[in-house]
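Please walk through this structure in order, from how residues are classed by accessibility to helix, pocket, cysteines and charged pairs.

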Amino acid sequence: MQFFFVFLFGVSIGSFLNVLIDRLPRGESVLVGWSHCDFCKKTLRWYELIPMVSWIIQGGCCRRCRRRLSLQYPLIEFATGIGFMFLFQLSRIYLTSLSLNLQFPFFSPETFFGNLSVGFIRPFNKASRTL
């Protein structure tokens, strides 16, 4: 369930990124004014602004002029949602490993990674140059 909400949050951020990508090069305001169709310039209603869902329901077309909308909009929203889920999972893994190290301090990076740390980390350590 957490992943679903993280995905929704990411998709919402992706929708805002689409607004930035669309408006900034044209010099339009990002904070003022409603979104509109690029072709017929009609203002979009609230139910036409639901990230990914409205694009799919409308078949990738404007409801009024029926011109094709760019596939960029749902792809950026979807990619941002997946990216947020990935970062959320990474943060959970990091926090879990951090809590394990706090609960069991004998789990040091050297015991966790074994010979890998001995072979690669120690030669770059100033204290180990005396070996």
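A residue counts as buried when its relative accessible area is under 20%, as exposed when that area is over 50%, and as partly exposed in between. The model is a predicted one. Cys 61 has a relative accessibility of 10%, so Cys 61 counts as buried. Cys 37 is likewise buried, with a relative accessible area of 3%.

Helix H1 covers residues 2-23. With 22 residues at 1.5 Å a residue, H1 should span 32 Å, and the C-alpha atoms at its ends are 32 Å apart, which agrees. Along H1 the buried residues are Val 6, Phe 7, Gly 10, Val 11, Gly 14, Asn 18, Val 19 and Arg 23.

H1 also takes part in the largest pocket. This pocket holds about 570 Å³ of space. Its lining is made up of 26 residues, and those closest to the pocket centre are Ser 35, Leu 44, Glu 48, Leu 49 and Tyr 73. At least two lining residues come from each of H1, helix H2 (53-57) and helix H3 (72-103). The most is given by H1, with five residues. Sorted by class, the lining contains 13 nonpolar, seven polar and six charged residues.

The cysteines come next. Why does the sulfur of Cys 37 make no bond with the closest cysteine sulfur, in Cys 62? A disulfide requires two cysteine sulfur atoms within 2.5 Å. The sulfur of Cys 62 is 3.6 Å from that of Cys 37, which is too far for a bond. For Cys 61, the closest cysteine sulfur belongs to Cys 65, and at 8.5 Å this is also too far for a bond. Over the whole structure the search finds zero disulfides.

Charged side chains do pair up. The count of salt bridges comes to five. One of them joins Asp 22 and Arg 26, whose closest N and O atoms are 2.5 Å apart. Arg 26 also meets the side chain of Glu 28 in a salt bridge, at 3.4 Å from N to O. Arg 26 is partly exposed, with a relative accessible area of 39%. Asp 22, at 21% relative accessibility, counts as partly exposed, and Glu 28 counts as partly exposed at 29%. A network of salt bridges links Asp 22, Arg 26, Glu 28 and Asp 38.

Which residue forms a salt bridge with Glu 48? The partner is Arg 63, and the closest N and O atoms of this pair are 3.1 Å apart. Glu 48 lies in the loop between H1 and H2, and Arg 63 in the loop between H2 and H3, so the salt bridge ties together parts that are 15 residues apart in sequence. The two ends differ in accessibility class: Glu 48 counts as buried, at 6% relative accessibility, whereas Arg 63 counts as partly exposed, at 38%. Glu 48 is also among the residues closest to the centre of the largest pocket.

Technical notes. Residues are numbered from 1 along each chain as its sequence is written. This is a predicted model: local features need pLDDT of at least 70, side-chain atom pairs count only at pLDDT 80 or more; totals for chains, interfaces and linings use all residues. Side-chain values use heavy atoms; hydrogens and water are left out. Helices (H or I, at least four residues) and strands (E, at least two) are DSSP runs, numbered from the N terminus. The expected span of a helix is 1.5 Å times one less than its number of residues. Buried means under 20% relative accessible area, exposed over 50%, partly exposed in between (1.4 Å probe, protein chains only). On a 1 Å grid over the protein atoms alone, a cavity is a set of points where a 1.4 Å probe fits but cannot get out, and a pocket is an open set with protein on both sides within 12 Å along at least five of seven lines; lining residues have an atom within 4 Å of a point. Grid points are joined across faces, edges and corners, and a volume is the space filled by probe spheres set on the points. Ala, Val, Leu, Ile, Met, Phe, Trp, Tyr, Cys and Pro count as nonpolar, Asp, Glu, Lys and Arg as charged, and the others, Gly among them, as polar. A salt bridge is a side-chain nitrogen of Lys or Arg within 4 Å of a carboxyl oxygen of Asp or Glu.
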